[in-house]
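The following exercises are to be worked with the sequence and the structure at hand. Each task is followed by a solution in steps.

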Amino acid sequence: MSYAPIPMVPGPVALHEDVIAVLGRDYGSGQVESDFLCLYDATSRSIGKLMGTKDDVVLMTGEGMLALWGALKSCLKPGDHVVSVGTGVFGDGIGEMAESFGCIVEKVSLPYDCSIRESDLAAVEEAIRRVKPVMLTAVHCETPSGTLNPIGLLGKLKKDLGVPLFYVDTVAGLGGAPVHMDEWNVDLMLGGSQKCLSCPPSMSMVGVSAAAWERMKEVNYQGYDAILPFRTVRTDGRCPYTPNWHGVAALYAGTQAIFKEGMDAAFARHEAVAAQCRAGLAELGIKLWTAPDAVNAPTVTAAMIPEGFTWPEWKEALRRHGLICTGSFGPMDGKVFRLGHMGTQAQPYLMEQALDAIAATLGK
Ligand SMILES: *Cc1c(COP(=O)(O)O)cnc(C)c1O
């Protein structure tokens, strides 16, 4: 019997074969910087296409959290007002990150088992009118909760109420769900390489609007996570740090694999596998964490650990049947397990194997 574990962790995901191919290449000092800039430029444009923007996209070495911190610190000063909208651990966490360096954050904290509903917008509007923030923050795909937020609704509020900057984390959505940075009035769109792009956790990407660049010049934040030093990479050819050939080449390969398939086809594949996952779990009597009116993420599903199992017991039992998945955080810790069907892992045959492993674990 051949045995291969079934990878369903919501990041880092199993690498795409085209990504593995470029990681094995040598980009040593024999490569000149102009070649790197060519690759950087093409990759930046490719990420821009996935982000739905004509604005600049900066590619930084480091995992997704780098983009989250860098975009906050590059645009905010202590004492600045921020409104953070949270439907989960990341959404509220971003507010706490801004607080940690002196910003005054108004947290609109919503239930963690639901996505933002139209009826929640009044609370966001009230907070914006009251505190007049420099920045509104939100998360597109709340990975620990398995939900997808309607960012366009917040983007309309941002525009109508004249909020200078709109910051959106789409680390777990980019490449697996449609993203429309320009249409949604987003100024800072944050992505990571290790989720739907099927790369190692080596790169983070930030879509930056003209308004965000202006703000960064004013704040002039200096630090390893500063975004401003990347503003002129594509025009003057100077990278702030050592060019990361492997990281950028992997991202390029990851994006091209999506374009080869077709973006719409890739998004449809994620939706189909997510639906297969939810239907399969329901058949096995496993309840979802999410409320019936939540928008479930196409890239990750959060479900309740069956009665009679603690999380360590459930995890080990699934592992004995070959399924590698993960738990969750915050209020979901110990209650919820998650299947990450993103990038290479959004495949019907893999989901079938995962559901079979769950059934076998339950003795069904
Ligand atoms: C994974 C994730 C991050 C952090 O990305 P890392 O690459 O793990 O640093 C941020 N936000 C969301 C919503 C994520 O799912």
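A residue is taken to be near a molecule if one of its heavy atoms lies within 4 Å of that molecule. The model used in these exercises is predicted.

**Exercise 1. The surroundings of the ligand**

Determine which residues surround the ligand, and which of their side chains have a polar atom beside an oxygen or nitrogen atom of the ligand.

Solution.

Step 1. Apply the 4 Å cut-off to the ligand. The residues that surround the ligand are Glu63, Gly64, Met65, Phe90, Cys141, Thr143, Asp169, Val171, Ala172, Gln194 and Lys195.

Step 2. Look for pairs of N or O atoms within 3.5 Å. In the side chain of Thr143, an N or O atom is 2.3 Å from an oxygen atom of the ligand. For Lys195, an N or O atom of the side chain is 2.7 Å from an oxygen atom of the ligand.

Step 3. Consider nitrogen in the ligand as well. A nitrogen atom of the ligand lies 2.6 Å from a polar side-chain atom of Asp169.

**Exercise 2. The setting of Lys195**

Describe where Lys195 is found, and decide whether Lys195 is buried or exposed.

Solution.

Step 1. Locate the residue. Lys195 is found in the loop between strand S9 (188–192) and strand S10 (203–208).

Step 2. Compare its accessibility with the cut-off: buried means under 20% relative accessible area. Lys195 has 10% relative accessibility and therefore counts as buried.

Step 3. List the contacts beyond the neighbours within four places in sequence. Lys195 is in contact with Pro10, Gly11, Val13, Val171, Ala172 and Met342.

Step 4. Consult the record. An unreviewed UniProt entry annotates Lys195 as "modified residue: N6-(pyridoxal phosphate)lysine".

Step 5. Compare another residue of this loop. Ser198 also lies in the loop between S9 and S10. Its phi is near 60°, a positive value in a residue other than glycine. With a relative accessible area of 3%, Ser198 is buried.

**Exercise 3. The order of the sheet**

State the order of the strands in the open sheet, and name its edge strands.

Solution.

Step 1. Read across the sheet. The 7 strands follow the order S2-S10-S9-S8-S5-S3-S4, and their pairing is mixed.

Step 2. Find the edges. Strand S2 (56–61) and strand S4 (104–109) are the edge strands, as each pairs on one side only. From one strand to the next, the twist averages 20°.

Step 3. Examine the sense of pairing. Strands of a sheet pair through backbone hydrogen bonds, either parallel or antiparallel. Strand S8 (residues 165–169) pairs with S9 in the parallel sense over 3 bridges, and Tyr167 stands opposite Leu188 in S9.

Step 4. Add the helices that pack on the sheet. Helix H4 (residues 89–100) touches strand S3 (81–86), S4, strand S5 (135–139) and S8, and its direction makes about 170° with that of S4. Helix H6 (residues 151–160) touches S3, S5 and S8, and its direction makes about 165° with that of S8.

**Exercise 4. Strand S10 and its partners**

Explain why S10 is described as largely enclosed by the rest of the structure, and how many bridges join S10 to S2 and to S9.

Solution.

Step 1. Count the buried residues. In S10, 6 of the 6 residues are buried, so this strand is largely enclosed by the rest of the structure.

Step 2. Treat the faces separately. In a regular strand the side chains alternate between the two faces of the sheet. Met203, Met205 and Gly207 are buried on one side of S10, and Ser204, Val206 and Val208 are buried on the other.

Step 3. Turn to the partners. S2 and S10 run antiparallel and are joined by 6 bridges; Thr61 stands opposite Met203. S9 and S10 also run antiparallel, joined by 5 bridges, and Leu190 has Val206 as its bridge partner.

**Exercise 5. A cis peptide bond**

Identify which residues a cis peptide bond joins, and where Pro12 is placed.

Solution.

Step 1. Inspect omega. The value is about 0° for the bond that joins Gly11 and Pro12, which is a cis peptide bond.

Step 2. Place the residue. Pro12 is in the loop between strand S1 (6–7) and helix H1 (17–23).

Definitions and conventions:
Residues are numbered from 1 along each chain as its sequence is written. This is a predicted model: local features need pLDDT of at least 70, side-chain atom pairs count only at pLDDT 80 or more; totals for chains, interfaces and linings use all residues. Side-chain values use heavy atoms; hydrogens and water are left out. UniProt positions are given in the numbering used here, feature names are shortened, and annotations may be inferred rather than shown by experiment. Helices (H or I, at least four residues) and strands (E, at least two) are DSSP runs, numbered from the N terminus. Buried means under 20% relative accessible area, exposed over 50%, partly exposed in between (1.4 Å probe, protein chains only). Contact means heavy atoms within 4.5 Å. Two strands pair if DSSP finds at least two bridges between them. Axes are lines fitted to C-alpha atoms, for helices over the stretch in contact, and angles run from 0 to 180 degrees between N-to-C directions. A polar contact is a pair of N or O atoms within 3.5 Å; within protein, one must be able to donate a hydrogen and the other to accept it, and residues adjacent in sequence count only if both atoms are side-chain atoms.
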